[in-house]
Amino acid sequence: MPRLLLLLPSTTYRTTAFVEAARRIGAELTVASERPSTLEAANPAGLLTLDFQHPERAAVEAETFAREYPIDAVVGVDDDSAVVAAAVAERLRLKGNPLAAAVAARDKHRQRQLLAAAQVPVPGSALHRLDTDPLELAKQVVYPCVLKPLRLSASRGVIRADSPTAFVAAHARLSSILAGCDTEFLVEDFVPGYEVALEGLLVNRRLHVLALFDKPDPLDGPFFEETIYVTPSQVPAGLQTAIAQCAERASRALGLMEGPVHAELRYNERGPWLIELAARPIGGRCSAVLRFGEGVSLEELILRHALGMPIPSLVREAVAAGVMMIPIPGAGVLREVRGVVESKAVPLIEDVQITAHPGERLVPFPEGSRYPGFIFARGGRGATPGAVEAALRDAHRRLTFVLE
Amino acid sequence: MDQELRITAEPVDNHRCKFVVSQPLHAAGVRRFASAAEAKGSPLAEAIFAIPAGGVTEVIVSGNIVTVVKDNPAPWQMVGKAVGVAIRAAAASGAPPVATKTAPPAGAPATVDDDALYERVARLFDEQVNPMVARHGGRVELIDVQDAVVMLRMGGGCQGCGMADVTLRQGIEGMLSQHIPEVRGIVDITDHTSGANPYFQASKK
């Protein structure tokens, strides 16, 4: 059996989906995390600890491991582990992205530079030090603008400012969020428009679009908390093609070659704009709404591609589907969630997963970014994306989060 | 009683789903059914195996948790609702949803000795697994062994932990296959949504 090295950060939502997919395809699985499993000594072939903060060091560690347990493929599941996977793939000459490409995809500033140089439409942006006087910076920038951390995910710390006063306030919040973990941030132009998310798979540099999601809730700030994704997109076909071409040009500009891609794009009267592109699959538990061919999961598809196994189909099932990242209901300690059964009873709702646990402190955006749960909907024959969206909203209305 | 019954489905993937019910269905340990024939005499399991086009291959009932395994890759949307109907009907009937396991008749051909396996698995859990997972505040409880399939429940830091599936599949399952190769499978009947103190908590996109 081929051996798969799966890089799972200990904080990922995707453990079960990837582990079960690996079992289904019959791969010999080694799970590597940045923190050791307590059972690592009992299964040295199946559990490994790698330094995710230092990808090249992790690659050396993986190479040592591979001398005893040869590795046939390596897969990362989030921004950081995608970089580690690239480093391991380069060192062991496995299918994957060049390390420089994965690093560029993770670093929002580097990504902007490369995409702008390749004439991919991106928001204008400038890199600033956090210790620069915000009053001075506020005089220089063009409004509206967006302050953005270089590496945080899930829109954490992303704040729109429409005036110098709002800029200074946003700068103070961002400085607090980034204290001790980064010294720089981006200020970029706010691009108005309708936002979509593209899920794709790169096969030998060619982008295969797996799904295009509409984001029906406007993302105009001041914070950018994601809520609903619905597919198939209702964007006109010609524009969908332009969006896919924009994402493929961005992938090539970054130097990405193989594996999953998740891109956020906006479009307006000037066409599509690449807001962000990541060399990883869709986040959270959102992939649960995607099925390909006869029910193959996104994770199975990614693992099959990495291992060079046959992929039955890259075509998503012909039904409307959607997911809601449940908005953070407020600040406080979660005591109880009411209405889950009623929420699940809404027609078209497939599942409601509450991922926050009782006693957990919920922190709203922009300081927080952990959604308290997910709602999944899938249409049957004839159900439209609009009906799926309505079901998600109806199911959400039936939930009550009790906070203290 | 039927109106008060609450059922929460927790799909593990498209093949396996746990249904957490607000009242116990089978207080006397665990029952596992690997076929419709085995389910005869247990109305809940019979009804679940009889779901049209459900493709159900296994039903495990323990306390207030019903775990259903099916062999088709369709999402749980349709089958899950039918399982919910079966659970409600079984709970409302007043009869025991699941029959208590009976000992094999004397003289029956020897198959797997679950009792002996139970002892060995329990020893492995006590001596090796639990001292290890205790370092993360976790514990693993052996619930039962039926037909050489181990049923366990995770607690403490393991309950609701983002890496629980890694602990289960890469750790415990590997140890079982190494030390007790007669074990044919492992079923986690934990209600992970109720975990109040998971060691690793999912938070990143």
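**Notes on the predicted model, chain A and its neighbour helix from chain B**

1. Let's start where the two chains meet: helix α5 of chain B (residues 164-179) lies across β2 and β3 of chain A, and runs at about 130° to β2(A). A word on the terms: helices (H or I, at least four residues) and strands (E, at least two) are DSSP runs, numbered from the N terminus. Axes are lines fitted to C-alpha atoms, for helices over the stretch in contact, and angles run from 0 to 180 degrees between N-to-C directions.

2. Before going on, please keep in mind that this is a predicted model, where local features need pLDDT of at least 70, side-chain atom pairs count only at pLDDT 80 or more, and totals for chains, interfaces and linings use all residues. Residues are numbered from 1 along each chain as its sequence is written, chains are lettered from A and ligands numbered from 1 in the order in which they are written, and side-chain values use heavy atoms, with hydrogens and water left out.

3. The sheet under that helix is an open one of 4 strands in chain A, ordered β3-β2-β1-β4, with parallel pairing. Its edges are β3 (47-49) and β4 (73-76) of chain A, each with a single partner strand, so one side of each has no neighbour in the sheet. On average, neighbouring strands of this sheet are turned by 25° against each other, direction ignored. Two strands count as paired if DSSP finds at least two bridges between them.

4. Within this sheet, β1 (residues 3-7) and β2 (residues 28-33) of chain A pair in the parallel sense over 5 bridges. If you want a spot to click on, A:Leu6 stands opposite A:Val31 in β2(A).

5. Helix α1 of chain A (residues 15-24) is worth a look too. Its buried residues are A:Thr15, A:Phe18, A:Val19, A:Glu20, A:Ala21 and A:Ala22. Buried means under 20% relative accessible area, exposed over 50%, and partly exposed in between (1.4 Å probe, protein chains only). The cover over the buried residues of α1(A) includes β1, β2, β4, β15 (296-297) and α9 of chain A, together with α5 of chain B. Just after α1(A), A:Gly26 takes a positive phi of about 75°.

6. Next, a helix pair: the axes of α4 (residues 99-106) and α5 (residues 108-117) of chain A come within 5 Å and cross at roughly 105°. The two helices, α4(A) and α5(A), are therefore roughly perpendicular to each other (under 35 degrees counts as roughly parallel, over 145 as roughly antiparallel, 65 to 115 as roughly perpendicular and the rest as oblique). The contact (heavy atoms within 4.5 Å) is made by A:Ala104, A:Ala105 and A:Arg106 of α4(A) and by A:Lys108, A:Arg110, A:Gln111 and A:Leu114 of α5(A). By class, the contact of α4(A) with α5(A) has 3 nonpolar, 1 polar and 3 charged residues. Here Ala, Val, Leu, Ile, Met, Phe, Trp, Tyr, Cys and Pro count as nonpolar, Asp, Glu, Lys and Arg as charged, and the others, Gly among them, as polar.

7. Two cis peptide bonds deserve a check by eye. One joins A:Gly221 and A:Pro222, with omega about 10°, and A:Pro222 sits in the loop between β10 (206-214) and β11 (228-231) of chain A. Another joins A:Phe365 and A:Pro366, with omega about 5°; A:Pro366 is in the loop between β19 (361-362) and β20 (373-378) of chain A.

8. Positive phi values also turn up in residues other than glycine. A:Arg93 has phi near 55° and lies in the loop between α3 (79-92) and α4 of chain A; A:Arg93 is exposed, at a relative accessible area of 76%. A:Asn204 has phi near 50°, is placed in the loop between β9 (194-203) and β10 of chain A, and is exposed at 57%.

9. For buried polar side chains, try A:Ser251 in helix α8 (residues 237-254) of chain A. A:Ser251 has a relative accessible area of 0% and is buried. Leaving out residues up to four places away in sequence, A:Ser251 touches A:Leu202, A:Leu256, A:Val261 and A:Leu277.

10. Lastly, A:Asn268 belongs to strand β12 (residues 259-268) of chain A and counts as buried at 16% relative accessibility. The side chain of A:Asn268 makes a polar contact with that of A:Trp273 (3.1 Å). A polar contact is a pair of N or O atoms within 3.5 Å; within protein, one must be able to donate a hydrogen and the other to accept it, and residues adjacent in sequence count only if both atoms are side-chain atoms.
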